Amino acid sequence: MSFYSSLPAWAALFPILGGLALYFITHYWNRRYREPLAIVIAVSQLVMVSLMYPAIRDGHVLQAGYRLFELPLSITFRVDGLGFFMALLASFLWLLAIIYSPRYLAHSHAHDRYYAFLLLAQGGCVGVMVAGDLLGLFVFFEFMAISTYVLIAHEEDAYSLFAGAKYLYMTVAGGLGIFFGLVVTYFLAGSLSFGQPGGLITQPSNLALYAFIGFLIGFGIKAGMFPLHVWLPDAHPAAPAPASALLSGIMIKTGAYGLIRVFHDIYSPRVFQEVHWETIVLILASVTILLGSALAITQDSLKRRLAYSSIAQIGYILLGIAMLNERAMVGAIYHIFTHAFMKGCLFLCAGAIIVKTGKKNISEMGGIGFKMPLTMICFTLASLSMVGIPPFNGFISKWQLSLAALESGREIFVALLIVSSLLNAVYYFPIIIAAFFNRKPETAEHGHAADSAAAHGNEPVPKLSLAGEAPLGMLLPTAILAAGCFLFALTPVNWPLEMIKIAAAALF
Amino acid sequence: MPANEVSVSVLPLVMVLVPLVCGVAVLLAGLFSEKAARIFYIAAAVGPALLTPPVLRAVLGGKTLFLQFATVLPPAGLSFRVDYLSLFMSLLFCIYAVILFVYTLEYKKDRPDRIRFWGCMALTLAGCLGVVLAGDLFTLFLFFEFMSVTFFILIGQQQSPAAGAAALKFLFMTIIAGVSLFLALVLTYQQTGSVAFGQGGLFAPGTVPTLTAFCGFMVAFGIKSAMFPLHLWMPDAYTAAPIPAAALSSGMLLKTGVYGIIRVFYDIYGLEMLQGLRWNYVILGLACITILYGSLNAVAQDDLHRRLAYSGIAQIGYILLGISLLTENAFTGNIYHIFAHAFMKGCLFLCAGAILLGTGKRKVSELSGVGLQMPVTMLAFTIASLTAVGLPPLNVFVTKWFLGQGALDIGQPLLIVLLLLSSILNAAYYLPIVITAFLGDKALAQHKISRRVRIKEASPALLVPIILLMLGCVIFTVGPHNWPLELAQLVAHSIFTIAP
């Protein structure tokens with residue numbers, strides 16, 4: 001097992017080392033190797049994660065301890081079904097984002113820094129998922145958070161610096177919340193390891209509640225849970241589109257992942273049966289869903305609308321986690337997977353639109369489906385999944401969540417999910433309708449998107465054409481993500497769902 | 001734990017004498033040859049550092065080194081004593097001094113008064129080593145005063161009106177400190193008939209002189225360690241003094257004040273008595289105020305050196321907090337922080353000095369784009385800043401971890417919240433510097449200026465000390481063995497098990 005047990009550490013450390021190497025190689029030696037090298041690193045990392053599959057499938061838990069940090073405890077790695085699934089998802093999305101990036105960044109600056117920090121953030125993110133104890137999780141969590149700052153502030157204009165600073169201070173504060181929980185957990189339990197039967201903190205007490213609140217603040221900030229979500233609507237639009245896709249698709253899920261670990265490995269569902277602290281999360285998650293959806297409707301900036309939508313979606317996930325039964329957990333984890341694909345796809349579409357037409361606002365996007373049909377088809381597929389229409393993935397997670405709500409006698413959450421789906425339709429469908437049906441001449445266009453106007457001349461009515469379509473390097477990752485929104489639901493064996501069922505069963 | 005075997009050794013005396021003699025030699029040799037002065041100056045730092053391995057071996061081997069000259073300065077006599085705590089402090093001072101002195105040689109090397117500066121630096125080092133190696137309160141007092149006088153010259157080095165004022169302010173406050181310490185010393189000797197360390201408490205509880213002496217000690221060491229409200233000299237002194245002097249002060253001088261408080265707590269009064277009297281809660285309260293006061297003030301400063309000074313006050317608050325909690329975990333945290341803070345703040349100060357030399361800038365608001373001009377310096381600054389915020393796995397994280405455990409040991413989770421508040425304030429005053437240094441200056445970033453013009457990196461002789469200090473913030477926690485932490489745990493263990 002030594003080969004297998006060293007894999008988790010490499011999966012986390014390889015992108016970090018690779019990112020550092022990439023920076024120095026491209027910055028001081030030869031910049032031609034930059035993109036190929038980044039892709040090679042991302043592919044190797046994906047392979048490393050995939051290699052864990054046979055062991056995970058056979059029900060093993062990969063564990064390895066390293067005395068890296070001479071605290072009273074050391075860092076360990078531990079991969080169970082949940083960790084593996086999350087790490088695989090993260091690695092896959094990262095690879096797609098890296099493939100997408102060169103064309104998106106063609107007119108940007110500081111490419112070396114961008115790819116280096118993208119890989120550093122990947123190492124941190126995967127590290128969170130393969131960490132075997134709370135300390136390891138925390139170390140990688142902070143590492144990811146700080147690396148992400150550089151991605152958010154990438155454009156270095158006033159807006160992205162502001163958004164980045166807001167993100168940075170909130171994320172530092174969140175880290176301190178987790179630190180508080182960490183110290184208290186060690187004080188109460190004398191250990192921080194995951195996977196102990198019965199959890200670490202077995203007795204509810206005031207101190208345990210404070211620690212729980214600390215964890216909730218820390219992971220809640222990262223997840224974008226109301227009222228700690230305020231960094232998110234600024235950070236997502238400010239970041240380059242591939243980074244937004246990762247931020248929304250994977251990185252905010254590390255907050256949800258952390259909460260899963262808190263619920264099941266730090267405390268245990270048995271503790272919550274006594275004291276019902278999970279009610280706090282249930283209430284906050286409900287508010288998050290409604291608030292995110294409602295605010296999304298009012299946004300005209302596409303990426304901002306997507307960001308608020310992410311807040312609403314993370315509410316689903318938190319709801320599923322806090323319901324504390326197995327089916328709800330399946331729904332939550334499946335929604336993590338679903339949302340990663342669909343929101344990743346949507347952000348990549350938004351990026352393609354920005355690159356090809358320069359348009360950021362929804363009100364300017366009338367008829368865009370005729371200029372960029374393939375991109376907008378992907379957008380449509382992802383939106384349909386978002387609303388939760390049956391063959392799409394979004395339906396499956398909502399189905400599981402609704403069933404779980406009914407089983408545990410909380411019918412109100414079913415209503416909540418339905419209302420939210422409706423709101424999803426309200427803010428996604430107008431975009432699609434305007435894109436494909438709004439064929440009236442665009443008078444406002446001349447001032448804004450000079451390049452697109454020049455390319456098409458002053459045509460009064462847009463015609464369907466592929467001329468303005470995004471390049472293949474951008475289209476391919478977008479299309480893969482869009483396909484992921486429904487393919488799994490159509491195949492005879494829904495492989496992610498099976499994996500998730502095993503992972504959730506192991507938690508309870 | 002059985003009392004350690006006492007072994008007579010001249011090593012501690014030699015460790016103090018070498019920088020003392022070298023310091024005088026620097027001043028004298030400087031009259032004839034600058035080269036000789038340089039050699040003596042480096043010898044002042046390297047000499048004691050070379051003596052540390054045998055001391056380390058002896059003390060770790062379970063011995064307490066001791067040396068007494070009963071005939072010198074009766075009735076107390078002059079004595080030196082090295083236990084775990086003294087070992088930790090002197091080891092830190094020696095290593096830190098070597099790094100700092102190399103930097104100092106290169107820093108503003110064309111100034112006409114550099115010889116005097118070097119000489120006084122060496123003499124201050126001798127004073128600091130004397131304080132931590134002293135075997136009794138009287139010897140400590142002697143070196144304490146000596147160190148203060150030489151440091152006074154360092155503050156006034158620039159000879160500007162501001163430097164003069166700052167130096168005077170320091171002088172007056174340090175005289176108050178000296179007088180208070182003298183009062184406390186006399187009271188201690190009169191009440192107990194002894195001033196020697198290592199007996200686990202001298203005083204009988206509850207008398208008025210006991211309290212008076214305690215106040216005297218706290219004023220004296222509180223001034224030296226810049227504890228609120230006795231910190232007044234520090235921001236001015238750090239702003240006026242040359243950067244190496246400020247770094248010397250934050251790495252060593254402040255720590256001698258802290259060291260004094262530890263000795264008073266554990267050797268003069270004793271753990272048991274303090275736990276009964278609860279006087280430590282006074283220090284605890286002051287420590288909390290110190291942390292918040294220093295951090296909040298630091299946010300408001302535009303002068304980088306002044307910001308670092310206020311941040312130093314806050315960090316001293318951490319250490320005082322660790323001392324006053326009176327638990328082994330917290331004590332480990334405070335000892336570790338003495339080391340962590342020296343490297344972290346030392347690195348920041350040396351970076352600030354390099355920036356001042358390279359670009360002439362010292363205001364935070366002017367530092368835009370400096371990271372593109374001095375990438376290595378600012379990288380070190382960034383890592384030291386992140387250390388100060390306490391991100392894992394950097395040094396201060398370990399400190400906060402142990403302080404947090406200590407706070408929980410006495411049932412005060414609120415104190416952790418205080419530490420966290422301070423951490424976020426740390427982020428608020430360090431990270432903007434880092435951000436503006438690297439991001440937002442597009443003219444520099446987009447290579448509109450060629451790299452040759454753009455890069456204004458400091459010379460290697462300045463960079464090497466900076467990088468060494470930066471590595472000190474990182475490698476111990478990431479490496480397989482955290483020597484400073486192991487030593488700090490030994491120190492804490494020895495103090496908390498010897499006390500009956």
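Which residues have the most contacts inside the largest nonpolar core? Hold that thought for a second, everyone.

Some housekeeping. This is a predicted model, where local features need pLDDT of at least 70, side-chain atom pairs count only at pLDDT 80 or more, and totals for chains, interfaces and linings use all residues. Residues are numbered from 1 along each chain as its sequence is written, while chains are lettered from A and ligands numbered from 1 in the order in which they are written.

Okay, back to the core. The residues with the most contacts inside it are Leu318(A), Ile333(A), Cys345(A), Phe88(B), Ile155(B) and Cys347(B), and the core has 393 residues. By nonpolar core I mean a set of buried Ala, Val, Leu, Ile, Met, Phe, Trp, Tyr and Cys residues joined through C-beta atoms within 7 Å. Buried means 20 or more other C-beta atoms within 10 Å of a residue's own, with C-beta atoms placed from the backbone. Helix α14 of chain A, residues 326-357, gives the largest share of this core, 19 residues. Helices here are DSSP runs of H or I, at least four residues, and strands are runs of E, at least two, numbered from the N terminus.

Let's look at Cys347(B). Leaving out residues up to four places away in sequence, Cys347(B) touches Ala380(B), Ala384(B), Ile466(B), Leu469(B), Met470(B) and Cys473(B). Touching, or contact, means C-beta atoms, placed from the backbone, within 7 Å.

Now chain A as a whole. Chain A has 23 helices and two strands. Its radius of gyration, taken over C-alpha atoms, is 22 Å. The globule rule, 2.2 Å times the number of residues to the power 0.38, gives 23 Å for 508 residues, so chain A is as compact as a globular protein of that length. Buried residues make up 59% of chain A.

Where do the chains meet? The contact takes 27 residues from chain A and 30 residues from chain B. On the chain A side, α6, α7 and α8 each give two or more residues, and α7(A) gives the most, with twelve.

Last stop, helix α9 of chain B, residues 243-269. Its 27 residues should span 39 Å at 1.5 Å a residue (that's 1.5 Å times one less than the number of residues), and the end C-alpha atoms are 37 Å apart, which agrees. Still, α9(B) bends by about 45° at Ser249(B), the angle between axes fitted to the seven residues ending there and the seven starting there. And 27 of the 27 residues of α9(B) are buried, so the helix is largely enclosed by the rest of the structure. Right after α9(B) comes Gly270(B), with a positive phi near 95°.

Note on methods
Two residues are in contact if their C-beta atoms, placed from the backbone, lie within 7 Å. A residue is buried if 20 or more other C-beta atoms lie within 10 Å of its own, exposed if 12 or fewer, and partly exposed in between; C-beta atoms are placed from the backbone.
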